[in-house]
Amino acid sequence: MREAEAGDAPRFLDRLRAGETSAFEELVITYQHRVFGVAFRMLGNAAEAQEVAQEAFLRAHRGLAQFRGDAKLSTWLYAIASRLCLNRLATGERRLARQGEETLLRLSDGAQAPDAALEQSELETALHRAIAELPEDRRIVIVLRDLEGLSYEEIAQALELELGTVRSRLHRARADLKDKLERFLP
């Protein structure tokens with residue numbers, strides 16, 4: 001099932017609400033990578049992101065009866081995942097993941113010249129670090145807008161914020177990132 005069909009089809013929502021197992025499987029298959037992506041970008045740790053993604057789908061399954069359909073299904077799932085990530089970040093029990101192994105794997109694949117691969121790796125690492133260092137309220141809007149492609153309105157719905165608040169947080173987050181990544185900019 002394509003994402004647009006899953007999020008907008010009233011029959012699909014009826015199947016989900018009726019508890020049809022195959023419909024829920026379609027939902028998970030359709031959105032699992034994007035929900036995991038949001039969690040991974042927020043938390044910086046694949047294992048934690050996997051846990052959050054699983055919990056997000058469990059909560060979605062339990063809460064399908066309360067889903068009114070005012071927002072797209074994907075926006076609702078992002079809202080669940082985002083709140084779980086923010087709660088996890090607020091606990092202070094987590095650590096940032098090291099990306100050294102991924103960098104070594106990328107360097108060893110030989111597809112790029114070693115100096116270009118190293119430069120790209122440094123930029124990616126700096127970007128990930130800069131995003132991870134943003135305050136959570138700014139990080140989530142950057143992840144949802146610039147990495148996941150949600151509209152301002154969808155972000156406002158997902159995070160239960162005013163549209164102006166989304167815009168100002170996004171502006172501040174981008175300014176912070178620009179300052180942190182100044183040495184990489186031409």
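In this predicted model, helix H9 meets helix H10 through Tyr 152, Glu 153, Ile 155 and Ala 156 on the H9 side and Leu 163, Val 166, Arg 167, Leu 170 and Arg 174 on the H10 side. Sorted by class, the residues of this contact are 6 nonpolar, no polar and 3 charged. Two packed helices are described by the angle between their axes and the distance between those axes. For H9, residues 152-159, and H10, residues 163-180, the axes come within 9 Å and cross at roughly 105°. That angle falls in the range from 65 to 115 degrees, so H9 is roughly perpendicular to H10.

Two residues of this contact can be followed further. Tyr 152 belongs to helix H9. Beyond its neighbours within four places in sequence, Tyr 152 is in contact with Leu 163, Val 166, Arg 167, Leu 170 and Arg 174, and also with Arg 145. The C-alpha atoms of Tyr 152 and Gly 164 lie 9.1 Å apart, with the two positions 12 residues apart in sequence numbering. From the other side, Arg 167 sits in helix H10. With a relative accessible area of 43%, Arg 167 is partly exposed. Arg 167 and Glu 153 are 14 residues apart in sequence, and their C-alpha atoms are separated by 9.9 Å.

The loop between H9 and H10 contains Glu 160. Its relative accessibility is 63%, so Glu 160 counts as exposed. Most residues other than glycine have a negative phi. Glu 160, a residue other than glycine, has a positive phi, near 55°.

Helix H10 also packs against helix H8. The axes of H8 and H10 come within 8 Å and cross at roughly 95°, and H8 and H10 are therefore roughly perpendicular to each other. On the H8 side the contact is made by Asp 137, Arg 138, Val 141, Ile 142, Arg 145 and Asp 146, and on the H10 side by Arg 169, Leu 170, Arg 172, Ala 173, Arg 174, Asp 176 and Leu 177. The classes here are 5 nonpolar, no polar and 8 charged residues. Leu 170 and Arg 174 of H10 appear in this list and in the contact with H9.

Arg 138 is one of the charged residues in the contact between H8 and H10, and its place is in helix H8. Is Arg 138 buried or exposed? Its relative accessible area is 18%, under the 20% cut-off, so Arg 138 is buried. Not counting residues up to four places away in sequence, Arg 138 touches Arg 169, Arg 172, Ala 173 and Asp 176.

The nonpolar interior comes next. The largest nonpolar core has 47 residues, and those with the most contacts inside it are Leu 16, Leu 27, Val 35, Leu 73 and Leu 144. Two or more residues of this core come from each of helix H2 (10-17), helix H3 (21-43), helix H4 (46-63), helix H5 (73-91), helix H7 (114-133), helix H8 (136-147), H9 and H10. Leu 27 gives a view of how such residues meet: leaving aside its neighbours within four places in sequence, Leu 27 is in contact with Phe 12, Leu 16, Phe 57, Leu 73 and Leu 77. Leu 16 and Leu 73, listed among these partners, are also among the residues with the most contacts inside the core.

Glu 55 lies in helix H4. Its relative accessibility is 25%, so Glu 55 counts as partly exposed. Beyond residues up to four places away in sequence, Glu 55 touches Arg 62 and Leu 84. Glu 55 and Leu 84 are 29 residues apart in sequence, yet their C-alpha atoms are 8.1 Å apart in space.

Taken over the whole chain, the secondary structure comes to 10 helices and 0 strands, and the order along the sequence is α-α-α-α-α-α-α-α-α-α. Among contacts between residues at least 6 apart in sequence, 65% join residues at least 24 apart. Of the 186 residues in the chain, 37% are buried. The chain exposes about 11,000 Å², and 50% of that area is supplied by carbon and sulfur atoms.

How values were computed: Residues numbered from 1 in each chain as written. Predicted model: local features only at pLDDT ≥ 70, side-chain atom pairs only at ≥ 80, totals over all residues. Heavy atoms only, no water. Axes fitted to C-alpha atoms, helices over the stretch in contact; angles between N-to-C directions. Helix = DSSP H or I, 4+ residues; strand = E, 2+ residues; numbered from the N terminus. Parallel < 35°, antiparallel > 145°, perpendicular 65-115°, else oblique. Contact = heavy atoms within 4.5 Å. Core = buried A, V, L, I, M, F, W, Y, C linked by side-chain atoms within 4.5 Å. Buried < 20%, exposed > 50% of the residue type's maximum accessible area, 1.4 Å probe, protein only. Areas by Shrake-Rupley, 256 points an atom, 1.4 Å probe, with all protein chains shown as cover.
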